[in-house]
Amino acid sequence: MNPRLKAYLQLCRPANLPTAAADILAGMAISGLFAIDGVFQLPQVAVLPFVLLVVASVFLYAGGVVLNDVFDIEIDRVERPERPIPSGVVPLGKARSLGFVLLTVGIGLAFLVKITSGTIAIFLALAILSYDKFAKHHPIMGPLNMGICRGLNLLMGISILGAFHYWPYVLLPIVFIFAVTMISRGEVHGKNKGNILLAGLLYGMVIAGVVFLHMFYAEGDLWYLLFLLTFALMVFRPLVRAYRDNTPAHIKNAVKSGVLSIVLLDASLAVAHANLLIGLLILLLLPLSIFLAKQFAVT
């Protein structure tokens, strides 16, 4: 692959992009878009709005991570000089333009679906910019801001049918991504056992929250527990390793697993509101993310 093209792709964090799509699919399932009888039935849905909203989410995510590197240029020159912008492979101005174009296109695609979806996309873009420019430097507001971005992404999926009475589900990705972002504070220097313990507690709260919300809202069967158990294994195993050997390498692995495992969390949310096949379709995004993670950095 052309080195310059690979550098531009690296700015977009390709391995993370399927996780944004998974959020939207989970939100759609929660809204009732895929509500059908039968474990292995596919629903009949309008293809264009479905595709537009998924692509909008991917563009918004990509724009956010590109601008994150743009605003981090001075820090990366010291801590991560090999990244595309500080290394000079991608000019700063072009990276900035790319980030804002991606955000704008993402918002526009969401408005083509529904006005409410587009409005949520605007708030999501503002939350992304808030994190990239300001909040990420704060030990609490940064992780919270990042979690809110994920929560709004799930809400954008829910908006396809306007089922906003399911809003409590938004709290799950907020808490989960807050925890993952807290772990990432040790990626460079390590020594973050306190954050890891807090993350473990928050992971447990998310798992309990999924069970509680599904008991309260969902009409699906218990297949979601299979996805939830796999999710728990995927996030806790590297977390335990990172606590025992509190080095940047193990912390990065814990963060990587946390980011990618959002697909499993989303699948568990979708199954309880639709059926097993929808969960399996979302799950197919995980091997795609894992494959891309071997080609491009996740963090």
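When I say that two residues touch, I mean that they have heavy atoms within 4.5 Å of each other, and with that in mind let us look at this predicted model, starting from M28. Leaving aside residues up to four places away in sequence, M28 touches L33, F34, F50, L53, V54, G157, I158 and I160. M28 also belongs to the largest nonpolar core, which has 104 residues, and together with L60, M156, Y169 and F176 it is among those that touch the most other members. The largest share of this core, eleven residues, comes from helix α3.

Helix α3 leads us on to α6, because the buried residues of α6 pack against α3 (47-71), and also against α5 (92-113), α7 (141-158) and α8 (171-184). Helix α6 itself runs over residues 115-133, and its 19 residues reach 27 Å from the first C-alpha to the last, close to the 27 Å expected at 1.5 Å a residue. Among its buried residues are I120, L124, I128 and Y131, and it may help to remember that in an α-helix residues three or four places apart point the same way.

Let me turn now to another pair, α10 (residues 224-244) and α12 (residues 262-273), whose axes come within 8 Å and cross at roughly 165°. That angle is over 145 degrees, so α10 is roughly antiparallel to α12, and the crossing is left-handed. Where they meet, the residues from α10 include Y224, F227 and F231, while those from α12 include L264, L265 and V271.

Finally, please find R13, which lies in the loop between α1 (3-11) and α2 (17-31). Most residues other than glycine have a negative phi, yet R13, although not a glycine, has a positive phi of about 50°. With a relative accessible area of 4%, R13 is buried.

Conventions
Residues numbered from 1 in each chain as written. Predicted model: local features only at pLDDT ≥ 70, side-chain atom pairs only at ≥ 80, totals over all residues. Heavy atoms only, no water. Helix = DSSP H or I, 4+ residues; strand = E, 2+ residues; numbered from the N terminus. Buried < 20%, exposed > 50% of the residue type's maximum accessible area, 1.4 Å probe, protein only. Expected span 1.5 Å × (residues − 1). Core = buried A, V, L, I, M, F, W, Y, C linked by side-chain atoms within 4.5 Å. Axes fitted to C-alpha atoms, helices over the stretch in contact; angles between N-to-C directions. Parallel < 35°, antiparallel > 145°, perpendicular 65-115°, else oblique. Left-handed = near helix turned anticlockwise from the far one by under 90°.
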